[in-house]
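Grab a viewer and work through these exercises at your own pace. Try each task before you read its solution.

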Amino acid sequence: MTAQLPSPASPLKIGTRGSPLALAQAHETRDRLAAAFDLPQRAFEIVVIKTTGDNRAMIDADRPLKEIGNKGLFTKEIEEAMLSGGIDIAVHSTKDMPVEQPAGLVLDTFLPREDVRDAFISPDKTALTELAEGAVVGTSSLRRRAQLLNRRPDLRVVEFRGNVQTRLRKLADGVAECTFLAMAGIRRLNMADVPATPIPTDAMLPAIAQGTIGIERRSDDTRAADLLAAIHDAETGHRLTAERALLAALDGSCETPIAGLAELNGSTLRLRGEVLRPNGSAAISDDVTGAVEDAAELGRAMAAGLLSRAGEGFFDWR
């Protein structure tokens, strides 16, 4: 392994999007690798790649993701760079990742999970219950939209795209009375001044893999595999095995209002899941426990149960 370690003269190239959160996640990956192998930061090069999803015109227009593509909007150009050898590994927010990787790539390294909860963001309120009837709330997440309308059908939900800073600016401009972010992003950016109130997972189950950094590599790159094995968090990996199996079996996409969270207590894994109609008019949920080694099967079994309970027409997008 020593002969294959990166160096300032031959750095490991880490691909990422250019948003402040994406860069923070890439820096965390670099720092963990540097610490694991006692290497200087200069042994790693962070390569910023602009993706289709970063197009400023689309962000400013607040167009729903389902109108312009799918989760691949945030990964396509990065994965193309990796397949061509322009970068060695890619750092992603795992919740942005499709459940299937392109041929030749694998996503099997996850850093320790951050706070999984959603955050209620408002300058003067701390909960949905404080919003007046008919209040305008902003979110670009189909999952959050469906959950909000399921709990508060009186609300008016508007599109609210962009990175953390962009969304906060739109909130300040009065586009909506509140918005929602992942607590993980707020913490990773050390944004203690953001008026954020964590939402209990019992009130709003998060997105699959929320709070998780995933690292993708070429499947035949044994050097990268050996390096990444040193920073992989096994507990997070077990939890995501269940969650992503649930998502895969439900045929999840950006048009899919799906929430899920796996939690590990010793060797016992608890998995909660929820599927909703996009307009929030109906929701079906489940809560199961099992052995951690059965994580993938728990996810698939839950998906089968949710699909059978949903009945004909529930999943318009299938």
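## Exercise 1: two unusual phi angles

A209 sits in the loop that links β9 and β10 (helices, H or I with at least four residues, and strands, E with at least two, are DSSP runs numbered from the N terminus). Before going on, note that this is a predicted model, where local features need pLDDT of at least 70 and side-chain atom pairs count only at pLDDT 80 or more, while totals for chains, interfaces and linings use all residues. Residues are numbered from 1 along each chain as its sequence is written, and side-chain values use heavy atoms, with hydrogens and water left out.

Task: work out the sign of phi for A209 and for N190, and say whether A209 is buried or exposed and whether N190 is buried or exposed.

Solution.
- Start with the general expectation: most residues other than glycine have a negative phi.
- A209 goes against that, with a positive phi of about 70°.
- N190, in the loop between α7 (183-188) and β9 (196-199), also has a positive value, near 55°.
- Now the surroundings. Buried means under 20% relative accessible area, exposed over 50%, and partly exposed in between (1.4 Å probe, protein chains only).
- A209 has 1% relative accessibility, so it counts as buried.
- N190 has 67%, so it counts as exposed.

## Exercise 2: the two sides of α8

Task: find which residues of α8 (222-229) are buried, why they share a side, and what they pack against.

Solution.
- The buried ones are A224, L227 and L228.
- They sit on the same side of α8 because they span an arc of only 95° around the axis (the arc is that of the directions from the helix axis to the C-beta atoms).
- T222 and A229 are exposed on the other side.
- The buried residues pack against β1 (12-16), α1 (20-37), β3 (89-93), β4 (105-110) and β10 (213-218), where contact means heavy atoms within 4.5 Å.
- At the N-terminal end, D221 acts as a cap: one of its side-chain oxygens is 3.2 Å from the backbone nitrogen of R223.

## Exercise 3: β1 and its partners

Task: which strands pair with β1, and in what sense?

Solution.
- Two strands count as paired if DSSP finds at least two bridges between them.
- β2 (residues 44-48) runs parallel to β1, with 5 bridges; G15 has V47 as its bridge partner there.
- From β1 the chain passes through α1 to β2, a right-handed β-α-β crossover; right-handed means that, with the strands pointing away from the viewer, the path from the first strand over the helix to the second runs clockwise.
- β3 is also parallel to β1, over 2 bridges, and I14 faces I89 across that pairing.
- As for cover, 4 of the 5 residues of β1 are buried.
- Over in β3 you'll find H92, which counts as buried because its relative accessibility is 3%. Its contacts beyond four places in sequence include Q25, M97, T212 and E216.

## Exercise 4: β5 between its partners

Task: how do the side chains of β5 (residues 118-121) point, and which strands does β5 pair with?

Solution.
- D118 and F120 point one way, A119 and I121 the other, and all are buried.
- β8 (residues 178-182) is antiparallel to β5, joined by 4 bridges, with L181 as partner of A119.
- β9 is antiparallel to β5 too, over 4 bridges, with I199 as partner of D118.

## Exercise 5: cores, and E263 beside L269

Task: which elements give two or more residues to the largest nonpolar core, and what does E263 touch?

Solution.
- A nonpolar core is a set of buried Ala, Val, Leu, Ile, Met, Phe, Trp, Tyr and Cys residues joined through side-chain atoms within 4.5 Å.
- The largest has 25 residues, and L246, L250, L269, V275 and L306 have the most contacts inside it.
- The elements are β4, α9 (234-249), β11, β12 (268-276) and α10 (295-310); α10 gives the most, with 6 residues.
- Another core, of 17 residues, lies apart from this one; L12, L39, I213 and A224 are among them.
- Contacts of L269 beyond four places in sequence include H238, A242, E263 and L298.
- E263 lies in β11 (residues 258-265) and, at 29% relative accessibility, counts as partly exposed.
- Leaving out residues up to four places away, E263 touches R239, T268, L269, R270 and R272.
- With R272, E263 makes a side-chain to side-chain polar contact at 3.2 Å (a pair of N or O atoms within 3.5 Å; within protein, one must be able to donate a hydrogen and the other to accept it, and residues adjacent in sequence count only if both atoms are side-chain atoms).
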